[in-house]
Amino acid sequence: MLEVKDLFARYGRVEILHGISFSVQQGELVALVGANGAGKTTALKAISGLLTQKKGEIRFQGKDIGRMSPDRIVSLGLIQVPERRRLFTGMSVLENLELGAITPRARKRKTQNLEFVFGLFPQLKERLRQAAGTLSGGEQQMLAIGRALMGCPVLLILDEPSTGLSPLLTKTVFDVIRTLKEQGSTVLLVEQNVQHALDMATRGYVLENGNVVMEGAGRDLLADEHLKQAYLGM
Ligand SMILES: Nc1ncnc2c1ncn2[C@@H]1O[C@H](COP(=O)(O)OP(=O)(O)OP(=O)(O)O)[C@@H](O)[C@H]1O
Ligand SMILES: [Mg+2]
């Protein structure tokens with residue numbers, strides 16, 4: 001579904017990604033993990049068209065999206081939950097969700113998608129009129145994921161959904177991601193929480209200083225000695 005080959009990306013003169021390759025097949029949950037500053041968000045910005053200083057190949061459902069604008073890429077169904085959520089904090093929960101239904105295809109399915117989101121996150125249904133900025137951190141993350149789901153994603157991309165959450169809320173958010181996977185969604189999950197992410201991922205990639213240094217089945221990566229030492233403090 002998503003095929004990234006030899007992707008280089010830079011900010012001005014500073015090259016951040018030095019030719020990375022990875023892919024996501026239909027129905028997979030793929031984890032892209034790595035430490036602070038490894039280049040994970042940069043890779044996502046390159047895929048979503050926000051970053052234009054790049055070379056290499058980015059294909060989505062066979063289409064070359066490397067030169068497409070961000071809104072065209074979104075309209076193809078490649079929908080991202082950005083780092084730190086970026087909600088419209090002064091608007092209500094319901095308004096934020098409705099704003100997620102951006103494409104004509106998503107607008108047609110708005111009522112069904114709202115029901116689907118409330119099924120996943122009953123908490124949100126009880127707070128429809130509350131301003132998004134007054135939600136707890138965990139609720140805001142749920143709303144951010146809900147808003148992305150309102151856009152009928154073909155591929156859902158999550159950038160560090162567990163950042164800033166307590167262990168309990170982290171578990172809640174990961175449980176939802178697992179549910180989405182079991183329901184057949186295709187997900188690219190970017191995380192610093194290596195253990196959790198690889199534990200539930202079909203496959204994973206480890207990014208270090210702008211290079212993919214390891215790839216494989218999530219559980220196999222977790223059993224790797226280098227990974228255990230570098231990321232899990234074992
Ligand atoms: N707009 C920018 N201009 C210049 N350098 C940037 C810019 N954004 C990010 N960088 C640099 O690119 C490198 C990779 O950053 P990136 O945000 O991709 O890391 P990350 O893997 O997402 O890290 P984190 O887990 O902390 O979110 C960092 O060294 C960062 O300082
Ligand atoms: Mg990041």
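This report walks through a metal site, a ligand shell and a central strand in a predicted model.

## The magnesium ion

Let's start with the metal. Two protein atoms serve as donors to the magnesium ion (ligand 2): OG1 of Thr41 and an OE atom of Glu83, at 2.0 to 2.3 Å. Thr41 belongs to helix H1 (residues 40-47), while Glu83 sits in the loop between strand S6 (78-81) and helix H3 (93-99), so the two donors tie together parts that are 42 residues apart in sequence.

## Around ligand 1

Ligand 1 is surrounded by 13 residues, and the closest are Asn36, Lys40, Thr42, Glu83 and Glu160. Helix H1 gives the largest share of this shell, with three residues. Sorted by class, the shell holds six polar, four nonpolar and three charged residues.

Some polar distances may be handy if you are checking a pose. A polar side-chain atom of Lys40 is 2.7 Å from an oxygen atom of ligand 1. From the backbone, a polar atom of Gly37 lies 2.8 Å from a ligand 1 oxygen, and an N or O atom of Gly39 lies 2.9 Å from one. On its own, ligand 1 has 640 Å² of accessible area, and the protein covers 60% of that.

## Strand S3 and its neighbours

Now to strand S3 (residues 29-33), where five of five residues are buried. Leu29, Ala31 and Val33 point one way, Val30 and Leu32 point the other way, and all are buried.

S3 runs parallel to strand S8 (residues 187-191), joined by five bridges, with Val30 opposite Leu188. S3 also runs parallel to strand S9 (residues 203-208), through four bridges; there, Leu32 has Tyr205 as its bridge partner.

Notes: Residues are numbered from 1 along each chain as its sequence is written. Chains are lettered from A and ligands numbered from 1 in the order in which they are written. This is a predicted model: local features need pLDDT of at least 70, side-chain atom pairs count only at pLDDT 80 or more; totals for chains, interfaces and linings use all residues. Side-chain values use heavy atoms; hydrogens and water are left out. Donors are N, O and S atoms within 2.8 Å of the metal (3.2 Å for Na, K and Ca); water is not among the atoms, so sites may look incomplete. A residue is near a molecule or strand if one of its heavy atoms lies within 4 Å of it. A polar contact is a pair of N or O atoms within 3.5 Å; within protein, one must be able to donate a hydrogen and the other to accept it, and residues adjacent in sequence count only if both atoms are side-chain atoms. Accessible areas come from the Shrake-Rupley method with a 1.4 Å probe; for residues, only the protein chains shown count as cover. Ala, Val, Leu, Ile, Met, Phe, Trp, Tyr, Cys and Pro count as nonpolar, Asp, Glu, Lys and Arg as charged, and the others, Gly among them, as polar. Buried means under 20% relative accessible area, exposed over 50%, partly exposed in between (1.4 Å probe, protein chains only). Two strands pair if DSSP finds at least two bridges between them.
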